Amino acid sequence: MPDAVESTDHPPHRPARQVDAVLFDFHGTLAQVEDPVLWVQAAAAACGRDLDRTRATVLADRLVMAGRAGGPVPHRVPPHLAEHWADRDLYAHSHRAAYTGLAATVPTDVEGLADALYDRLLGPDGWLPYADTAPTLRTLHDAGIRVGVVSNIGFDIRPHFAAWGLEDLIDAYALSYEIGRAKPDPAIFLRACGMLGADPERTLMVGDTPADAGAVKAGCAALVLPAAEPGHPNGLSATLALTGCTT
C-alpha cells in the first residue's frame with residue numbers, strides 16, 4: 001500500500017513559539033525625541049537666548065533637514081564629516097562630532113547652539129517614552145520575561161530609564177558604541193541574548209526599522225512596529241500577545 005498522505009485540509013498543529021526574552025530598540029520603539037521646535041527653544045535657552053516660536057520653527061526645520069539624531073537621515077553629509085558619520089554608532093566621539101557638525105552647517109546667531117542641541121539628547125528631558133512603554137515593560141517583567149535594549153547609539157541611555165522610573169524593568173543594554181557592532185549585524189543581537197542568558201530561538205526582537213529585523217539572522221523572531229507620534233501608543237502591546245502575556 002502507498003504511504004499515507006496527510007490531508008492538507010487540516011495542517012498539523014504547530015505549538016506557538018515560546019518566548020523567554022524580549023529585545024527592544026530604543027529610538028522609535030520605546031521612546032522618541034522631543035518636538036523639534038521645543039528642542040531648539042530649550043537648547044537656545046541653555047545658551048542664554050530666548051527664541052520665539054516663529055524663529056525656533058524656522059531653525060528647527062533647517063536643523064532637522066541638516067541631520068538630527070533621531071530624525072531623518074540627511075540627504076548630504078559634508079565630506080569633512082563623512083568618517084564621523086560612518087562611525088557615529090560605534091564611537092561616542094564620532095556620534096557627537098557627526099551631529100554637532102551637521103547642526104553647525106545651519107547658520108545661527110546663537111553661540112554654542114550646536115553643542116546645546118546635542119546635549120539635549122544626553123538627558124531624559126530631550127526624549128518622550130511612548131504611552132505604552134511603561135505598561136508593556138512592567139507586564140513583561142511581572143511575567144518573568146527578561147528584557148534587553150538593543151540600540152544603535154553613541155551615548156549611554158541608562159540614565160533615561162532611571163529618570164523615567166523604568167530602570168528595574170530592563171535586564172541588559174546592548175548599545176552599539178559599547179559592543180562595537182551595530183544593527184543589523186547579528187553579533188549585537190547575539191551579544192544581547194548572551195547578556196540575558198537567553199536562547200536566540202526563544203527571543204523576540206521588537207523595533208521599528210529593517211535594521212531591527214536583522215535579528216532574524218541571529219535566530220530571533222522579529223516584530224517591526226509602525227511609526228507613531230511622540231508620547232502616543234505605538235503598538236507595543238502586540239509584544240504581550242506574542243509572548244503570551246496579558247495586561
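The largest cavity in this predicted model has a volume of about 130 Å³. Lining that cavity are 15 residues, and W39, R68, A69, L117 and L121 are the closest to its centre. Three helices, α2 (53-67), α4 (92-103) and α5 (113-121), each contribute at least two residues to the lining. Of these, α5 provides the largest share, with five residues. In character, the lining of the largest cavity comprises 10 nonpolar, two polar and three charged residues. A search of the whole structure for cavities of 30 Å³ or more returns one. As background to such searches, rolling a probe the size of a water molecule over the atoms shows where empty space is left.

Open spaces come next. The largest pocket holds about 680 Å³ of space. Its lining is made up of 30 residues, with H27, G70, G71, D89 and N152 lying nearest the centre. Sorted by type, the lining of the largest pocket contains 14 nonpolar, nine polar and seven charged residues. In the second largest pocket there is about 170 Å³ of space. Here 13 residues form the lining, and those nearest the centre are Q32, V33, P36, R68 and G70. Six of the residues lining the second largest pocket are nonpolar, three are polar and four are charged. G70 is thus named among the residues nearest the centre for the largest pocket and for the second largest pocket, while R68 is listed nearest the centre of the second largest pocket and among the residues closest to the centre of the largest cavity.

R68 and W39 also appear in the surroundings of E34. This glutamate is found in the loop between β2 (31-33) and α1 (36-46). E34 counts as buried because its relative accessibility is 7%, and buried means under 20%. Its side chain makes a polar contact of 2.9 Å with the side chain of R120. Leaving out residues up to four places away in sequence, E34 touches W39, R68, R120, D125, G126 and W127.

A second buried loop residue is T29, found between β1 and β2. T29 has a relative accessible area of 0%, so it counts as buried. The side chains of T29 and D208 are joined by a polar contact of 3.5 Å. Not counting residues up to four places away in sequence, T29 touches F24, Y130, T133, V206, G207, D208, L225, N234 and L236.

F24, one of the residues touched by T29, is also prominent in the nonpolar interior. The largest nonpolar core has 37 residues, and F24, I157 and F161 have the most contacts inside it. Two or more residues of this core come from each of β1 (21-24), β2, α4, α5, α6 (133-142), β4 (146-151), β5 (172-175) and β6 (203-207). The largest share, three residues, comes from α4. Around F161, leaving aside neighbours within four places in sequence, the contacts are F26, L30, V149, L166, E167, I170 and Y173. Apart from this core lies another, of 19 residues, including A43, A44, L63 and V106.

At the level of the whole fold, the protein chain contains 10 helices and seven strands. Of its 247 residues, 44% are buried. Among contacts between residues at least 6 apart in sequence, 67% join residues at least 24 apart. Taken along the principal axes, the C-alpha atoms fill a box of roughly 85 × 40 × 35 Å.

Two further local features deserve a look. Most peptide bonds are trans. The bond joining K183 and P184, however, is cis, with omega about 15 degrees. P184 is found in the loop between α8 (176-179) and α9 (186-196). Further along the chain, G244 lies in the segment after α10 (237-243). With a relative accessibility of 63%, G244 counts as exposed, because that value is over 50%. Between G244 and A103 there are 44 Å in space, C-alpha to C-alpha, and the two residues are 141 apart in sequence.

Methods. Residues numbered from 1 in each chain as written. Predicted model: local features only at pLDDT ≥ 70, side-chain atom pairs only at ≥ 80, totals over all residues. Heavy atoms only, no water. 1 Å grid on protein atoms, 1.4 Å probe; cavity = no way out; pocket = protein on both sides within 12 Å on 5 of 7 lines; lining within 4 Å. Points joined across faces, edges and corners; volume = space filled by probe spheres on them. Nonpolar A, V, L, I, M, F, W, Y, C, P; charged D, E, K, R; others polar. Helix = DSSP H or I, 4+ residues; strand = E, 2+ residues; numbered from the N terminus. Buried < 20%, exposed > 50% of the residue type's maximum accessible area, 1.4 Å probe, protein only. Polar contact = N/O pair within 3.5 Å; in protein donor to acceptor, adjacent residues only side chain to side chain. Contact = heavy atoms within 4.5 Å. Core = buried A, V, L, I, M, F, W, Y, C linked by side-chain atoms within 4.5 Å.
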